[in-house]
Amino acid sequence: MKFVYILICFVFLIFGCGPRNKKNIPTEDHAIVPGVADSTYIYNINIDSLFVLHETIRNGESVGIILNKHNISFSDIDKVARLSKQIFDLRDVKAGGDYSLIFQDSTKSSLLYFIYEINKVDFLVAKMKDTIDVFRGAKPLVIKEKTGSGIIESSLWYAMEKSNLSAKLVNVLADEIYPWTIDFFRLNSGDKFKVIYDAKYVDGEFIGIGKVHATLFHSNGEDYYAMAFNEVGGFEDYFDENGNNLRKFFLKAPVSFTRISSRFTNKRKHPVTGRWKGHFGTDFAAPIGTPIYSTADGIVTEVSYTKYNGYYVKIRHNSTYTTQYLHMDKSSKKLWSKKGIKKGKRVRQGVDIIGYVGKSGQATGPHVCYRFWKNGKQVDPFKTSLPPSTPIKKEKREDFESKKLILMKKLNAISYPDEYQIIDSQNTVSMINY
Ligand SMILES: [Zn+2]
């Protein structure tokens, strides 16, 4: 068995000056600053002449204990707890979580507000004076356009932390932009790419990547451009330099970064029964729990369990095509009830998770058996001609051409990293999280 590991190494080139000073919210061209960005305001509260205390929840501490320490009655604490439930259940606060207390003055005798930071952006405010009230707020989000480039050396997908930014960017490239054009199972050492993307900041701190505007992937000696363009109201797709839509009717695989462990064949020895019979599917090996996506938009026709198939989902895409995903993990059942994955449910290509990789039914190891029907007959999707993509519409051509020129100019201005200065993926986060 041959595993091909590709280690994606990034070297990020930062153009323009980032928000180094935490209090200073940049107002450059690309910066979008919704909400109040004034130092007399925090959490949208005017704190002029008030006393503010920033704290973290300690082990064994609850919001009740904290509020009670500051002379809040149990009936008021109960009120806060009840009102908060719609926004965030304060019983779920964790040790290490950030909160703030705003007092009338430095004597700390009169607590006006309790604020809990739900995440890096959202927070909950409990107003403690006069009438008790609870509301939700969000910190101003700053979006800055960034550029980057990287060289691929070898692959180690499973070792990449999910929280790792480089992994997130790789996901966008592999799953959203290039799943139809580049075979991410077979990247070559030396393949390289450039990217223009949005970086999101809160209080000057990097919190994640936003939209990817354009990319150039150089693989096997070929250049693959991808430019985001809004063709149909509000829906963006990626197009190449000739205006061809990179999105195709079907994804190549229902799971990211796996390997094909068994191909479609009319005759093979069954791994469990040992008998020779056809394998009318393509097996993608992946760790248990890996999300499975529908390879095309469609409507769920079956969500079930059988002795051989295990937990599975079947999806009808149109009058010609149907696909099925077998051997899902039992945890998929929870997802099905939570997300309403049942007969009649509409699912989107590569967006809606329909189950998790498992080894239920007759399977030796964790994988998803992907079955494909064309006009009612099971076929090998890798050996079947599939519906093509539609290019930019005539009436949008001019608009696309002008946008394309700007993006390609920007891409061409980015330099590839020096091949002798490859930085391993472990350094990636700190490199980008400057
Ligand atoms: Zn199979």
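**Exercise 1. Placing a loop residue**

In which loop does Gly 340 lie? Determine also whether Gly 340 is buried or exposed.

*Solution.* The structure is a predicted model. Step 1: Gly 340 belongs to the loop between helix 4 (332-339) and strand 22 (346-347). Step 2: a residue is exposed if 12 or fewer other C-beta atoms lie within 10 Å of its own. Gly 340 has 10 C-beta neighbours inside 10 Å, and therefore counts as exposed. Step 3: the C-alpha atoms of Gly 340 and Ile 354 are separated by 9.8 Å, with the two residues 14 residues apart along the chain.

**Exercise 2. Confidence along the chain**

State where in the chain confidence is lowest and where it is highest, and identify stretches in which the pLDDT is below 50.

*Solution.* Step 1: the average pLDDT of the chain is 80, and 81% of the residues score at least 70. Step 2: the lowest confidence is in helix 6 (residues 428-432), with a mean of 26, and the highest is in strand 20, at 98. Step 3: residues 1-37 have a pLDDT below 50, and beyond near neighbours in sequence this stretch has 86 contacts in the model. Residues 420-434 likewise stay under 50, and the model gives them 27 contacts beyond four places in sequence. Step 4: predicted coordinates should not be read in detail where pLDDT is low.

**Exercise 3. The two faces of a helix**

Which residues of helix 2 (residues 74-84) are buried, and how are they arranged about the helix axis?

*Solution.* Step 1: the buried residues in helix 2 include Ile 77, Val 80 and Ser 84. Step 2: viewed down the axis of helix 2, the buried residues fall within an arc of 60 degrees, so they line one face of the helix. Step 3: the general rule is that an α-helix has 3.6 residues a turn, so residues three or four places apart point the same way. Step 4: Ser 75, Asp 78 and Arg 82 are exposed residues on the face of helix 2 turned away from its buried side. Step 5: the packing partners of the buried residues of helix 2 are helix 1 (63-69), strand 7 (122-127) and strand 8 (133-138).

**Exercise 4. An open sheet**

Give the strand order of the five-stranded open sheet, and identify which strands stand at the edges.

*Solution.* Step 1: the order is 4-5-6-7-8, with antiparallel pairing. Step 2: strand 4 (51-56) and strand 8 each have a single partner strand and stand at the edges, so one side of each is left without a neighbour in the sheet. Step 3: from one strand to the next, the twist averages 20 degrees. Step 4: strand 4 runs antiparallel to strand 5 (residues 98-103), and six bridges join them. Val 52 stands opposite Ile 102 in strand 5.

**Exercise 5. Strand 20 and its partners**

Which residues stand opposite Tyr 311 in strands 19 and 21?

*Solution.* Step 1: strand 19 (residues 298-306) and strand 20 run antiparallel and are joined by seven bridges; three residues lie between them in a hairpin. Tyr 311 in strand 20 is the bridge partner of Tyr 305. Step 2: strand 20 and strand 21 (residues 321-328) pair in the antiparallel sense over five bridges, and form a hairpin with four residues between them. Tyr 311 stands opposite Met 328 in strand 21. Step 3: strand 20 (residues 310-316) is mostly covered, six of its seven residues being buried.

**Exercise 6. Nonpolar cores**

Which residues touch the most other members of the largest nonpolar core?

*Solution.* Step 1: this core has 31 residues, and Leu 173, Tyr 178, Ala 226 and Met 227 touch the most other members. Step 2: among the elements giving two or more residues to this core are helix 3 (165-177), strand 12 (222-232) and helix 5 (397-413). Step 3: leaving aside residues up to four places away in sequence, Leu 173 touches Tyr 178, Phe 193 and Thr 215. Step 4: a second, separate core of 28 residues includes Ala 296, Val 303, Val 357 and Phe 372.

Note on methods: Residues are numbered from 1 along each chain as its sequence is written. This is a predicted model: local features need pLDDT of at least 70, side-chain atom pairs count only at pLDDT 80 or more; totals for chains, interfaces and linings use all residues. A residue is buried if 20 or more other C-beta atoms lie within 10 Å of its own, exposed if 12 or fewer, and partly exposed in between; C-beta atoms are placed from the backbone. The arc is that of the directions from the helix axis to the C-beta atoms. Two residues are in contact if their C-beta atoms, placed from the backbone, lie within 7 Å. Two strands pair if DSSP finds at least two bridges between them. Axes are lines fitted to C-alpha atoms, for helices over the stretch in contact, and angles run from 0 to 180 degrees between N-to-C directions. pLDDT is the predictor's confidence in each residue, from 0 to 100. A nonpolar core is a set of buried Ala, Val, Leu, Ile, Met, Phe, Trp, Tyr and Cys residues joined through C-beta atoms within 7 Å.
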